[in-house]
Amino acid sequence: MNQSRGKFITFEGIDGAGKSSHIAAVADLIRSRGLNVVSTREPGGTPLGEKLRELLLHQSMHLETEAMLMFAARREHLAQVIEPALARGEWIVCDRFSDATYAYQGGGRGLDKQKFAALEQWVHGHLQPDLTFLFDLPPAIAGERIAAQGRELDRFEQERADFHVRVRLAYLERAAESPKRIRVINADQPLEDIRKQVEETLVTNCL
Ligand code: TYD
């Protein structure tokens, strides 16, 4: 890795795990160290990617189309945003990345994970996040949090409870395979405790 390359931090978890507020706090912390940060998300993060996001979240499609569109949006995101920013020495704080495809399309949808390994190698064989926070909590609690927000749900949020149970398990399996990169954070704790744990992990590992 080039010495001056920025760091690539990703955030994962089932819907309703509460990652959003922590993403903003991490970006602020990195900025407070005088570093430039790009805050972005998947699917999305580019004009084309945001159009694909709209389709992925609201339009029904073949499950393999869904998986391939996730990687197509990711290819564009890497080319337009992530790789140029890292090369300039900026940091990337990204709401979801390929671990989400393993969890949602692999665990949730039940697609063969070997196929993602091939797509992952194609799309970003040379690049993995430097650090990934996995916000973990039981789907029943996450579901209550989402219901309390009273908003319209997307295709993934509308899935039944067993889908979210499989997504959670696939995330935890993936974390067990890459324990150094993926840090599991118990998201069923007071916000302030989670914030401290995230901050400590970031400072110890990256800053
Ligand atoms: P999410 O990140 O939860 O956004 P918001 O905080 O606005 O709700 O929404 C993105 C959804 O896309 C989420 O339900 C997970 C899903 N997703 C996949 O199924 N596969 C993927 O590869 C990615 C990146 C996301």
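**View 1. F8 and F97, both buried, meet in this predicted model.** The two rings sit with their centres 5.0 Å apart and their planes at 80°, so this one goes down as edge-to-face. What parts of the chain does the pair tie together? F8 belongs to strand 1 (residues 8–13), while F97 is in the loop between strand 3 (91–95) and helix 4 (98–108), so the contact joins parts that are 89 residues apart in sequence.

**View 2. Y104 pairs up with Y171.** Here we have another edge-to-face case, at 6.3 Å centre to centre with 85° between the planes. Y104 comes from helix 4 and Y171 from helix 7 (residues 161–177), which makes this a link between distant parts of the chain, 67 residues apart. Buried or exposed, these two tyrosines? Y104 is buried, and Y171 is too.

**View 3. Zooming out from the tyrosine pair, an aromatic cluster appears.** Y104 and Y171 share it with F156 and F163, and the four form one cluster. For the wider picture, searching the whole structure turns up eight aromatic pairs, among them F8 with F97 and Y104 with Y171.

**View 4. R74 sits over the rings of F71 and F97.** How far is the charged end of R74 from the centre of the F71 ring? That distance is 4.7 Å. Over the face of F97, R74 lies at 5.3 Å from the ring centre. F97 is the buried phenylalanine from View 1, where its ring pairs with that of F8.

Technical notes
Residues numbered from 1 in each chain as written. Predicted model: local features only at pLDDT ≥ 70, side-chain atom pairs only at ≥ 80, totals over all residues. Heavy atoms only, no water. Phe/Tyr/Trp six-rings, centres within 6.5 Å; stacked < 30°, edge-to-face > 60°. Helix = DSSP H or I, 4+ residues; strand = E, 2+ residues; numbered from the N terminus. Buried < 20%, exposed > 50% of the residue type's maximum accessible area, 1.4 Å probe, protein only. Lys NZ or Arg CZ within 6 Å of the ring centre and 35° of its normal.
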